[in-house]
Amino acid sequence: MLNVAIVEDEAGFQNQMQEYVERFMEKRGENVQITRFSDGQELLREYRPVFDVILLDIEMPQVNGMDAAEEIRRHDADVVIVFITNMAHYAIRGYSVGALDFLLKPVDYQTFELKFQRALNRVHSRESGQVLLSTADGMVRLDTRQIYYVEVQNRMLHYHTDQGEYVLRGTMQRAEQELAAYHFTRCNYWYLVNLRYVTEIRKDTVMVAGHELQVSRRNRSAFLTSLAEYVGGST
């Protein structure tokens, strides 16, 4: 099921966007869950990375869409953001927060359909899988989106996840093979990173879900290339 947020302070346009999304998804026979917000502040309140697509108005009275997007990117590197605006000059700044596209008001359905299909393509290019971990306490099934990064210490794998840390015997090579299809890349010998949680790159470190990890000289070029391809996504 696609999870979509519509953030728009004009009730009439908010209704129109919901109608367009539902029409688009019904045509494809797919389910959608839509959550509506009237302001960026409302969206940011206790934000969690649960949305696939955010249709985000820029001109809003309390927290505008651009500021909201900057804050979202600190917690969610993966969600597809499509800005809604009547001012095209926002485009350059929009790409700095990883916006996929813009909808210029007024929006007709044909234009919406083309842009939303592009957003859906990006979502599908980042679909997750599941892994089964054999820990000392038993078996744990995880969605790959729950994993922040994998660390190897003394021949033990440490899976750092949104549910805590799981420790099990294994090799980094095997973990890398299992997770390669889901956008995991090594930043050094010890760490295998989920690119969806990368929020900042410095000279020799990367921020992953609030954790600062070292980027080795040997892995830096390949890591940055993988990250650029991931951010670029599918068109």
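Two strands count as paired if DSSP finds at least two bridges between them. I am keeping that rule at the top of my notebook, since the first entries are about strands. I should also note that this is a predicted model.

**Entry 1: strand E14 and its partners**

I began with E14, a strand that covers residues 205–208. Which residue of E15 is the bridge partner of Val-206? I looked it up, and the partner is Leu-213. E14 and E15 run antiparallel to each other, and I counted four bridges for the pair. That passes the rule I wrote down above, which asks for at least two.

E14 also has strand E13, residues 198–201, as an antiparallel partner, joined to it by three bridges. Here I found Val-198 opposite Val-208 of E14.

Next I looked at the side chains of E14. Thr-205 and Met-207 point one way from the strand, while Val-206 and Val-208 point the other way. Are these residues buried or exposed? All of them are buried.

**Entry 2: the turns on either side of E14**

How many residues link E13 to E14 in their hairpin? I found three residues there. The hairpin of E14 and E15 has two residues between its strands.

Ala-209 sits in that second turn, and its phi caught my eye. The value is about 50°, so to speak on the positive side, although Ala-209 is not a glycine. I noted it down since most residues other than glycine have a negative phi. Is Ala-209 buried or exposed, or something in between? Its relative accessibility is 30%, and therefore Ala-209 counts as partly exposed.

**Entry 3: another hairpin**

I then moved to strands E6, residues 130–135, and E7, residues 138–143. They run antiparallel, and six bridges join them. Leu-133 stands opposite Val-140 of E7. The two strands form a hairpin, with two residues between them.

**Entry 4: two backbone details in loops**

Which residue does a cis peptide bond join to Lys-105? I found Pro-106 on the other side of that bond, with omega at about -10°. Most peptide bonds are trans, and that is what made me write this one down. Pro-106 belongs to the loop between strand E5 (101–104) and helix H5 (109–124).

His-183 was my next stop. Its phi is near 65°, which is positive, and His-183 is a residue other than glycine. I located His-183 in the loop between helix H6 (172–179) and strand E11 (184–188). With a relative accessibility of 24%, His-183 counts as partly exposed, because the partly exposed class lies between the cut-offs of 20% and 50%.

**Entry 5: the cavity**

How many cavities of 30 Å³ or more are there? The count comes to one. The largest cavity has a volume of about 70 Å³. His-183 turned up again here, since the lining includes Tyr-182, His-183 and Phe-184. Arg-126, Glu-127 and Ser-128 are also among the lining residues, and Thr-144, Arg-145, Asn-194, Arg-196 and Tyr-230 line the cavity too. By class, I wrote down three nonpolar, four polar and four charged residues.

**Entry 6: the largest pocket**

I found about 760 Å³ of space in the largest pocket. Its lining has 34 residues, and those closest to the centre are Pro-49, Val-50, Phe-51, Arg-145 and Arg-196. Arg-145 and Arg-196 were already in my notes, as both line the largest cavity. Strand E1 (2–7) and H5 are the elements that give two or more residues to the lining of this pocket. Which element gives the largest share? H5 does, with three residues. The classes in the lining are 13 nonpolar, eight polar and 13 charged residues.

**Entry 7: the second largest pocket**

The second largest pocket holds about 410 Å³ of space. I noted 22 lining residues, with Arg-73, Ala-77, Val-97, Gly-98 and Val-231 nearest the centre. Strand E4 (80–85), helix H4 (91–96), H5, E13 and helix H7 (217–232) each give two or more residues to this lining. The largest share comes from H7, which gives three residues. By class, the lining has 13 nonpolar, three polar and six charged residues.

I closed the notebook with one link between entries: E13, which pairs with E14, is also among the elements that line the second largest pocket.

Note on methods. Residues are numbered from 1 along each chain as its sequence is written. This is a predicted model: local features need pLDDT of at least 70, side-chain atom pairs count only at pLDDT 80 or more; totals for chains, interfaces and linings use all residues. Side-chain values use heavy atoms; hydrogens and water are left out. Buried means under 20% relative accessible area, exposed over 50%, partly exposed in between (1.4 Å probe, protein chains only). On a 1 Å grid over the protein atoms alone, a cavity is a set of points where a 1.4 Å probe fits but cannot get out, and a pocket is an open set with protein on both sides within 12 Å along at least five of seven lines; lining residues have an atom within 4 Å of a point. Grid points are joined across faces, edges and corners, and a volume is the space filled by probe spheres set on the points. Ala, Val, Leu, Ile, Met, Phe, Trp, Tyr, Cys and Pro count as nonpolar, Asp, Glu, Lys and Arg as charged, and the others, Gly among them, as polar.
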